[in-house]
Amino acid sequence: MPVQAAQWTEFLSCPICYNEFDENVHKPISLGCSHTVCKTCLNKLHRKACPFDQTAINTDIDVLPVNFALLQLVGAQVPDHQSIKLSNLGENKHYEVAKKCVEDLALYLKPLSGGKGVASLNQSALSRPMQRKLVTLVNCQLVEEEGRVRAMRAARSLGERTVTELILQHQNPQQLSANLWAAVRARGCQFLGPAMQEEALKLVLLALEDGSALSRKVLVLFVVQRLEPRFPQASKTSIGHVVQLLYRASCFKVTKRDEDSSLMQLKEEFRSYEALRREHDAQIVHIAMEAGLRISPEQWSSLLYGDLAHKSHMQSIIDKLQSPESFAKSVQELTIVLQRTGDPANLNRLRPHLELLANIDPNPDAVSPTWEQLENAMVAVKTVVHGLVDFIQNYSRKGHETPQPQPNSKYKTSMCRDLRQQGGCPRGTNCTFAHSQEELEKCNPHGLNLYCCLLSSVASMGAIHNELYKQQQCDREKICVSAVKRAETSFSSQVFSPT
């Protein structure tokens, strides 16, 4: 019976015995299927097959090389060399170069290394999607044919994600949402905000989930009437644009009628909220891609749901919409972006390497690469990932600036719930909540001072008002005294003047 695979963050320990890899007893051995098991557990297998997916192990276990890339991450003593017998000396040279590239790339996972074989996702220059793809590459067995095919696909995937990251680094986050919703409106659609959009979709589902067929006008009126008590701003126009978004996503089966409005019926596969919402989200992502916008899963989750809990959901949608041609198009988009910005980091030098990676066949049944092709791909992916990290650390303001709290923001005004409940935070230094009492006081030093300043200001304003009041009273008294004197003078002149 197959064993359940471990989480991807647990790549530093054997998924069978759960012991951390080392250079003596628990040497990490990667298989052709990209699962890595310690040598002790491999020798105990009853049949020569991967315990996770039952893929046959074609090479003798004693011949399979130890994964030095993983050994260096756990701080073990890594031998200078291990002998691998391939067909000829040329193949050995190509293998050594490719292997060294993978080991160099694995060092970007070094800051992640935590205790007990589990990676701690903090303080890395690479994003979580990049880390995950890099772990996939590190676990590829280059000696086996299937492992080389998988390594080529992993290199292509890393290169494609690198292009996306570079485009994201050049985008203005403040303009991103405005450009997105402008693109959505240009197609006759609309997003009403996370809460209102969710309610509108649920009401569409309520009206049509039983297979009913309604005209667009009746459907829109139904949704507007139900929404108005909670959202007075709901209008027939805005809801009509939401229905148009679902229509563009091909969620409806439309029946045309002579001299009358067409009837819209929800397709059976979309008669649940999860399925309807996924298709709705996919359509918005598709519109963004058509408009040349590259948005990270975190940003998508924030834009469509108002939280960061739907990153995986949005990442799966993005991955599904990717096509073999998407990589090459992204390279062209990056070239245009670099021309517009002047390319201070000379990222245009990465273009030949990116084009090489884009030409790799992503099909699982692709022909096995030659050793020279494998070497070229590993050198290319190492170069582009190095280029990304260098740009983030030296040229990108997002990479090395500490986020500053904005006026009236809640930046680090309370402790992180993930850190408190789970003992760790997946967002690391990018978390907007405090991870210690010191950080809480450091990032919010103005809390007490602001209160004191406010009291002082109120007291000062009160003193000023008192002074003004006294001055006004004094002025009034002077005016009154002056008027009485004038009146007395006038009266005296009238009484005592000679007739």
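Five helices each put at least two residues into the lining of the second largest pocket: H4 (128–138), H5 (145–170), H10 (273–290), H11 (297–305) and H12 (311–321). The biggest contributor is H5, with eight residues. Keep in mind that this is a predicted model. Below is a quick tour of that pocket, then the cavities, the aromatic contacts, the strands and the cysteines.

**Second largest pocket**
- The volume of the second largest pocket comes to about 610 Å³.
- Its lining is made up of 26 residues, and the ones nearest the centre are Lys133, Ser157, Glu160, Asp319 and Gln322.
- H5, the helix that gives the most to this lining, is also where you'll find Ala151.
- Ala151 itself is buried, at 0% relative accessible area.
- Ala151 and Ala377 are 226 residues apart along the chain, yet 8.9 Å is what separates their C-alpha atoms.

**Cavities**
- There are two cavities of 30 Å³ or more in the structure.
- The largest cavity encloses about 160 Å³ of space.
- It is lined by 14 residues, with Val66, Asn67, Tyr95, Lys99 and Cys140 closest to the centre.
- Two elements, helix H2 (68–73) and helix H3, give two or more residues to the lining of the largest cavity.
- H3 gives the most here, with four residues.

**Aromatic pairs**
- Three aromatic pairs turn up in the structure.
- One of them is Tyr95 with Trp371, an edge-to-face pair with 6.1 Å between ring centres and 85 degrees between the planes.
- Tyr95 sits in helix H3 (residues 89–106) and Trp371 in helix H15 (residues 371–394), so this pair ties together parts that lie 276 residues apart in sequence.
- Both partners are buried: Tyr95 has a relative accessible area of 3%, and Trp371 has 10%.
- Another pair is Phe391 with Tyr395, which is stacked, with centres 6.2 Å apart and 15 degrees between the planes.
- In that stacked pair, Phe391 is buried at 6% relative accessible area, whereas Tyr395 is partly exposed at 40%.
- Tyr95 is worth a second look: this residue pairs with Trp371 and is also among the residues closest to the centre of the largest cavity.

**Charges over rings**
- Lys202 lies over the face of Tyr273, 5.3 Å from the ring centre.
- Arg277 has its charged end over the ring of Tyr305, 4.2 Å from the centre of that ring.

**Strands**
- Strand S5 (residues 260–266) runs antiparallel to strand S3 (residues 213–215), and three bridges join the two.
- Across that pairing, Leu214 stands opposite Met264 in S5.
- S5 also pairs with strand S4 (residues 252–257), again antiparallel, through five bridges.
- On this side, Phe252 is the residue opposite Leu266 in S5.
- S4 and S5 make a hairpin with two residues between them, and Glu259 in the turn has a positive phi of about 55 degrees.

**Cysteines**
- How many disulfides does the structure hold? The count is zero.
- What keeps Cys14 out of a bond? Its closest cysteine sulfur is that of Cys38, and the 3.7 Å between the two sulfurs is too far for a bond.
- For reference, a disulfide calls for sulfur atoms within 2.5 Å.
- Cys38 is in no disulfide either, and the nearest cysteine sulfur to Cys38 belongs to Cys41, 3.4 Å away.
- Are Cys14 and Cys38 buried or exposed? Cys14 is buried at 0% relative accessibility, and Cys38 is buried with a relative accessible area of 0%.

Conventions
Residues are numbered from 1 along each chain as its sequence is written. This is a predicted model: local features need pLDDT of at least 70, side-chain atom pairs count only at pLDDT 80 or more; totals for chains, interfaces and linings use all residues. Side-chain values use heavy atoms; hydrogens and water are left out. Rings of Phe, Tyr and Trp (its six-membered ring) pair if their centres lie within 6.5 Å; planes under 30 degrees apart count as stacked, over 60 as edge-to-face and the rest as tilted. Buried means under 20% relative accessible area, exposed over 50%, partly exposed in between (1.4 Å probe, protein chains only). A charge sits over a ring if NZ of Lys or CZ of Arg is within 6 Å of the ring centre and within 35 degrees of the ring normal. Two strands pair if DSSP finds at least two bridges between them. On a 1 Å grid over the protein atoms alone, a cavity is a set of points where a 1.4 Å probe fits but cannot get out, and a pocket is an open set with protein on both sides within 12 Å along at least five of seven lines; lining residues have an atom within 4 Å of a point. Grid points are joined across faces, edges and corners, and a volume is the space filled by probe spheres set on the points.
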